[in-house]
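Student: I am new to this structure and should be grateful for a close look at a single part of it. Please take the salt bridges as the part to examine, and then place them in their wider setting.

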Amino acid sequence: YVEDLEEREKKFQEFKDREMKMIRSEKKQFEMTQLSSKQRAAKLELVDNLTERVASLEEELTRKEERWNATFSRLKNKAETKEKECEELHQQITVLEQEKIALWEKEVIRTSNR
């Protein structure tokens, strides 16, 4: 009877060891799955954050481009205005030089008639 009990105890211990091994294996798989899920969630969060950051940077770039374009247009208009003013001044200089020459010629003629 004792031998039978020992045999049963041995078989029970073997069964218990197999079950514990299986439970540890399942626990490990579960933990790996949990870790994998957490990693996926972290990656998704990172992707969401990066997507938001890209959208924010695109908006900022658009605002800056609009300001640059406005500044460029303003400076271009200012340069065109200055070019027109410069051209008008050159024309005035030409007219004044012609008047100066005409006055000089009159003065030469007047002084030579004396």
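Tutor: A salt bridge is counted here when a side-chain nitrogen of Lys or Arg lies within 4 Å of a carboxyl oxygen of Asp or Glu. The model under discussion is a predicted one. Side chains of opposite charge can pair when their charged atoms come close.

Let us begin with the pair formed by Glu85 and Lys82. Their side chains meet in a salt bridge, with a distance of 3.6 Å from N to O. Because that distance falls within 4 Å, the contact satisfies the rule. Both Glu85 and Lys82 belong to helix H1, where they stand three residues apart, about one turn of the helix. As to their surroundings, Glu85 has a relative accessibility of 36% and therefore counts as partly exposed. Lys82 is likewise partly exposed, because its relative accessibility is 49%.

By the rule just stated, the count comes to four salt bridges. Among them is the one between Lys64 and Glu60, whose closest N and O atoms are 3.3 Å apart. Lys64 and Glu60 are four residues apart in helix H1, so about one helical turn separates them. Lys64 is partly exposed, because its relative accessibility is 30%. Glu60 is also partly exposed, with a relative accessible area of 29%.

Another of the four joins Arg8 to Asp4, and here the N to O distance is 3.9 Å. These two residues also lie in helix H1, four residues apart, about one turn of the helix. Arg8 has a relative accessibility of 58% and so counts as exposed, whereas Asp4, with a relative accessible area of 41%, is partly exposed. The cut-off explains the wording: exposed means over 50% relative accessible area, and buried means under 20%.

The setting of these pairs may now be described. The protein contains one helix and zero strands, and helix H1 covers residues 2-112. Along its principal axes, the C-alpha trace spans about 165 × 20 × 5 Å. The radius of gyration is 48 Å, while a compact globule of 114 residues would have a value near 13 Å. Distances between individual residues can be read beside these dimensions. Lys16 and Ser73, which are 57 residues apart in sequence, have C-alpha atoms 84 Å apart in space. For Glu66 and Ile23, the separation is 43 residues along the chain and 64 Å between C-alpha atoms.

Buried residues make up 0% of the 114 residues in the protein. The exposed area of the protein is about 11,400 Å², and carbon and sulfur atoms supply 56% of it. Two further residues of helix H1 illustrate the accessibility classes. Lys16, which lies in helix H1, has a relative accessible area of 39% and so is partly exposed. Glu66, also placed in helix H1, counts as exposed because its relative accessibility is 51%.

Charge deserves a wider view as well. The protein carries 25 positive and 27 negative side chains, and the centres of the two sets lie 3 Å apart. Certain negative side chains form a group on the surface: Glu80, Glu83, Glu87 and Glu88 make up a negative patch. Of these, Glu88 is located in helix H1 and counts as partly exposed, because its relative accessibility is 46%.

The surface also has a nonpolar patch, formed by Tyr1, Val2 and Leu5, with about 380 Å² of accessible area together. Val2 is part of helix H1, and its relative accessible area of 54% is why it counts as exposed.

To return to the part you asked about, the salt bridges described here include Glu85 with Lys82, Lys64 with Glu60 and Arg8 with Asp4.

Technical notes. Residues numbered from 1 in each chain as written. Predicted model: local features only at pLDDT ≥ 70, side-chain atom pairs only at ≥ 80, totals over all residues. Heavy atoms only, no water. Patch = residues over 30% accessible without salt bridge, like charges linked within 9 Å, V, L, I, M, F, W, Y side chains within 5 Å. Areas by Shrake-Rupley, 256 points an atom, 1.4 Å probe, with all protein chains shown as cover. Lys, Arg positive; Asp, Glu negative; His and termini not counted. Charge placed at Lys NZ, Arg CZ, Asp CG, Glu CD. Buried < 20%, exposed > 50% of the residue type's maximum accessible area, 1.4 Å probe, protein only. Rg over C-alpha atoms; globule rule 2.2 N^0.38 Å.
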